[in-house]
Amino acid sequence: MIDFSHVYKTYPGPVQALSNVNLKIQKGEFIFLTGPSGSGKTTLFKVLSAYLKPSSGRIIVSGYDLNKIKEFEVPYFRRKIGVVYQDFKLLKDRSVFENIALPLEIRGDKTSYVQARTSDILEQVGLYFKKNQLPQQLSGGEQQRVAIARALVHQPGILIADEPTGNLDPDLSEEIMDLLDKVNAQGTTVFCATHDHELVKRRAKKVLTIQSGVIMEKVNA
């Protein structure tokens, strides 16, 4: 499902953000990616989601060759993935329901499906009763659940979570990880970056560590 082969990414300077990354993630896996700030985690996710092209090497994700992907194909490719960020990236002038429904509206789905699917995912994350509230009326944990619901509403095969618990206290972090476990149990591949080593230790998942753009170790917890 995700296959990196000898991938490099160099920024002007030059700065070697990724160096000879070889990585295979199978459908339905849950993978943690750990490493210090500036180690290459975000760059790895950006090339994985086609926001950046690699300088060299080959990346195959859900059947798409990201080295050769055409601009018009990118929106279709991104329907295969969902992305969750540390800072939520919710639209402050739209309700919880409207934030979650947005990917389906952009895709051009029928109103009846948008209403039904958004209501269903709100129930799954336990926030249906807050569907009409604005993001700033929610707690941090609730906002992150909305962000996860928005990333999943179009039923992607892969969920990328970039430090999803970085702004949350330990109890809320566990709550969010429980939700990601539930998502994974339903068949979604989860690739989650975190710097919280204690959180990783409490979960029996495969762990990759990145340092200066190099995948340093692969540990099956």
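**Notebook: sheet and helix**

I looked up the sheet first: it is open, has 4 strands in the order E2-E1-E4-E5, and its pairing is antiparallel. Its edge strands, each pairing on one side only, are E2 (15-25) and E5 (64-65). I took strands (E, at least two residues) and helices (H or I, at least four) as DSSP runs numbered from the N terminus. Two strands count as paired if DSSP finds at least two bridges between them.

The model is predicted: local features need pLDDT of at least 70, side-chain atom pairs count only at pLDDT 80 or more, and totals for chains, interfaces and linings use all residues. Residues are numbered from 1 along each chain as its sequence is written, and side-chain values use heavy atoms, with hydrogens and water left out.

Next I checked E1 (residues 2-11) against E2: 7 bridges, antiparallel. I found Thr 10 opposite Gln 16 in E2. The two strands form a hairpin with 3 residues between them, and Gly 13 in the turn has a positive phi of about 150°.

I then looked up E1 and E4, which run antiparallel and are joined by 5 bridges. Asp 3 has Ile 60 as its bridge partner in E4 and Lys 24 as its bridge partner in E2.

Last, the helix. After the sheet's edge strands, E2 and E5, I noted that H1 (residues 41-48) packs on the sheet and touches E1, E2 and E4 (56-61), its direction making about 120° with that of E1. Contact means heavy atoms within 4.5 Å. Axes are lines fitted to C-alpha atoms, for helices over the stretch in contact, and angles run from 0 to 180 degrees between N-to-C directions.
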